[in-house]
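Visitor: I should like to take a close look at one part of this protein, namely its metal site, and then to see how other parts of the chain are held to one another. Please explain this in connected prose, suitable for a first-year student.

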Amino acid sequence: MTHIHPIPILNDNYAYVIENTGQAAVIDPGEAPPVLTFLKERGLTLTHILCTHHHGDHIGGVTELKAITHASVIGPAAEQERIPGMDKLVRENDTFTILGQEFKVLETPGHTRGHICFYAPSLKAAFTGDTLFSLGCGRLFEGTAEEMWESLQKITALPDDTLIYCGHEYTESNARFCMSVEPDNQVLAARMTEIKDLRAAGKPTLPVTLSSEKACNVFLHANKSARFAELRALKDSF
Ligand code: ZN
Ligand code: FE
């Protein structure tokens with residue numbers, strides 16, 4: 001059995017540990033200590049480190065984790081110079097198998113030029129980094145609204161029951177923004193209740209199904225990139 005564990009790190013980031021029969025992979029370890037503690041507690045051997053993009057809050061723990069565990073680092077070819085210690089560079093539509101599961105690479109520029117997402121069909125899981133958040137999307141640091149919008153279309157083309165594992169716990173503030181844009185969206189209102197309950201219980205609001213995001217995430221309701229750009233600018237000053 002394969003399990004995916006969200007590990008809260010830094011202020012509001014998640015690293016995700018994928019566990020399968022004593023072995024593990026980690027996505028976006030922004031710092032090493034909480035990941036090492038988790039691996040130790042469960043007696044797991046880290047075999048792979050996956051990186052979605054070069055920002056420090058996603059790769060800050062890579063060097064230390066690699067030094068201690070000798071895990072192999074997989075990340076975007078387009079950010080080769082900006083992520084330390086990469087052993088395998090991946091591009092659009094590449095596939096690789098780790099922990100007995102196949103992963104497919106989606107190039108999703110917008111937040112950074114080389115941002116990628118990892119999709120594991122057998123796990124019904126997509127690791128979306130800072131591209132798609134629950135009820136939001138990443139800021140446009142290195143790309144255009146058009147690029148981000150196209151990147152989001154790639155993610156929404158995945159099956160509706162795909163579980164979205166994103167890089168940050170921004171869900172509650174994102175939900176407030178979505179409600180300001182779509183005050184009459186009843187599915188969104190129900191998701192807000194669920195989010196508040198989860199946070200009050202100290203639990204992550206992730207993963208979330210793609211179908212829930214399609215119903216509630218206003219950035220996915222932009223029917224063209226101009227509307228998307230408008231929403232992204234509105235959210236920047238929300
Ligand atoms: Zn980022
Ligand atoms: Fe981030």
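Guide: A salt bridge, a term needed below, is a side-chain nitrogen of Lys or Arg within 4 Å of a carboxyl oxygen of Asp or Glu. The structure shown is a predicted model.

Let us begin with the metal site. The iron ion (ligand 2) has as its protein donors Asp-57 (OD), His-58 (NE2), Asp-130 (OD) and His-168 (NE2), which lie 2.1 to 2.3 Å from the ion. Along the sequence, these donor residues follow the spacing D-H-x71-D-x37-H. The angles subtended by the 4 donor atoms around the iron ion (ligand 2) run from 83 to 167°, and the arrangement is therefore irregular. Two of the donors come from distant parts of the chain: Asp-57 belongs to helix H2 (residues 56-59), while Asp-130 is in the loop between strand E10 (125-129) and strand E11 (132-133), 73 residues apart.

Asp-130 also bridges two metals, the iron ion (ligand 2) and the zinc ion (ligand 1), and these ions lie 3.1 Å apart. With a relative accessible area of 3%, Asp-130 is buried, because buried means under 20%. Asp-57, at 22% relative accessibility, counts as partly exposed.

We may now turn to the salt bridges. A search of the whole structure finds 12 salt bridges. One of them joins Lys-214 to Asp-160, with the closest N and O atoms 2.7 Å apart. Lys-214 is in helix H7 (residues 210-216) and Asp-160 is in the loop between H4 and strand E13 (163-166), so this pair ties together parts that are 54 residues apart in sequence. Lys-214 is partly exposed at 31% relative accessibility, and Asp-160 is partly exposed with a relative accessible area of 40%.

A further salt bridge is formed by Asp-236 with Arg-139, and here the closest N and O atoms are 3.2 Å apart. This pair, too, links distant parts of the chain: Asp-236 lies in helix H8 (residues 225-236), and Arg-139 lies in the loop between strand E12 (136-137) and helix H4 (145-156), 97 residues apart. Asp-236 has a relative accessible area of 38% and is partly exposed; Arg-139, with 41%, is partly exposed. Arg-139 and Asp-236 are also linked with Arg-232 in a network of salt bridges.

The salt bridge between Arg-176 and Glu-172 has an N to O distance of 3.9 Å. Arg-176 and Glu-172 are 4 residues apart in helix H5 (residues 171-181), which means that about one helical turn separates them. Arg-176 is partly exposed, its relative accessible area being 45%, and Glu-172 is partly exposed with 26%.

Finally, consider a contact between two helices. The axes of helix H1 (residues 33-42) and helix H3 (residues 62-69) come within 9 Å and cross at roughly 35°. From H1, the contact is made by Pro-33, Val-35 and Leu-36, and from H3 by Glu-64, Leu-65, Ile-68 and Thr-69. The residues of this contact of H1 with H3 comprise 5 nonpolar, 1 polar and 1 charged.

Definitions and conventions: Residues are numbered from 1 along each chain as its sequence is written. Chains are lettered from A and ligands numbered from 1 in the order in which they are written. This is a predicted model: local features need pLDDT of at least 70, side-chain atom pairs count only at pLDDT 80 or more; totals for chains, interfaces and linings use all residues. Side-chain values use heavy atoms; hydrogens and water are left out. Donors are N, O and S atoms within 2.8 Å of the metal (3.2 Å for Na, K and Ca); water is not among the atoms, so sites may look incomplete. Four donors count as tetrahedral if all angles lie between 85 and 135 degrees; four count as square planar and six as octahedral if opposite donors are over 155 degrees apart and all others between 65 and 115; anything else is irregular. Buried means under 20% relative accessible area, exposed over 50%, partly exposed in between (1.4 Å probe, protein chains only). Axes are lines fitted to C-alpha atoms, for helices over the stretch in contact, and angles run from 0 to 180 degrees between N-to-C directions. Contact means heavy atoms within 4.5 Å. Ala, Val, Leu, Ile, Met, Phe, Trp, Tyr, Cys and Pro count as nonpolar, Asp, Glu, Lys and Arg as charged, and the others, Gly among them, as polar.
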